[in-house]
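This report examines one helix and one strand residue of the structure shown below.

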Amino acid sequence: MLSIATDIDALARFGRALADPIRCRILLALRDVPAHPADLADVLGISRTRLSNHLACLRDCGLVVAVPAGRRVRYELADPRLAHALDDLRSAVIAVENDKTCLDAKQGEDCC
């Protein structure tokens, strides 16, 4: 049974999904058109196993859904409004000053 997430929970889920560059690439690919996992793996240049793990995370975050398509499964954004939200976020990030760097946590520093 699905329940409505609180505003904070919804934003946290979105943040977790966007925290990984591969998941960002998946969301941007699905923003344009639904896709089968094998096709997504080829387009993104990653293994199907790795893609499967990221798709599971995106499903758990409630951002993508798996839609049966015959004997295959197709993935798409869970809500069409997510495409608009992704575009808005991209525009907002582009508006940030060019000399500001968001350091990777792997480098030992937190972003922002």
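## Strand residue Arg74

In this predicted model, the side chains of Arg74 and Glu76 are joined by a polar contact of 3.2 Å. Arg74 belongs to strand E2, which comprises residues 72–77. Its relative accessibility is 26%, so Arg74 is classed as partly exposed, a category that lies between buried, under 20%, and exposed, over 50%.

Beyond its neighbours within four places in sequence, Arg74 is in contact with Pro34, Ala35 and His36, and also with Val65, Ala66, Val67 and Ala69. For Ala35, the C-alpha atom lies 5.3 Å from that of Arg74, although 39 residues separate the two in sequence.

## Helix H2: length and N-terminal cap

Helix H2 runs through residues 21–32. With 1.5 Å a residue, its 12 residues should span 16 Å, and the distance of 17 Å between the end C-alpha atoms agrees with this expectation.

The N-terminal end of H2 is capped by Asp20. A side-chain oxygen of Asp20 is placed 2.8 Å from the backbone nitrogen of Ile22.

## Helix H2: buried and exposed faces

Ile22, which takes part in the cap through its backbone nitrogen, is also one of the buried residues of H2. The others are Arg23, Ile26, Leu27, Ala29 and Leu30. These residues lie on the same side of H2, because the arc they cover around the axis is only 160°.

Pro21 and Asp32 are exposed, and they are carried on the face of H2 turned away from its buried side.

Note on methods
Residues are numbered from 1 along each chain as its sequence is written. This is a predicted model: local features need pLDDT of at least 70, side-chain atom pairs count only at pLDDT 80 or more; totals for chains, interfaces and linings use all residues. Side-chain values use heavy atoms; hydrogens and water are left out. Helices (H or I, at least four residues) and strands (E, at least two) are DSSP runs, numbered from the N terminus. The expected span of a helix is 1.5 Å times one less than its number of residues. Buried means under 20% relative accessible area, exposed over 50%, partly exposed in between (1.4 Å probe, protein chains only). The arc is that of the directions from the helix axis to the C-beta atoms. A polar contact is a pair of N or O atoms within 3.5 Å; within protein, one must be able to donate a hydrogen and the other to accept it, and residues adjacent in sequence count only if both atoms are side-chain atoms. Contact means heavy atoms within 4.5 Å.
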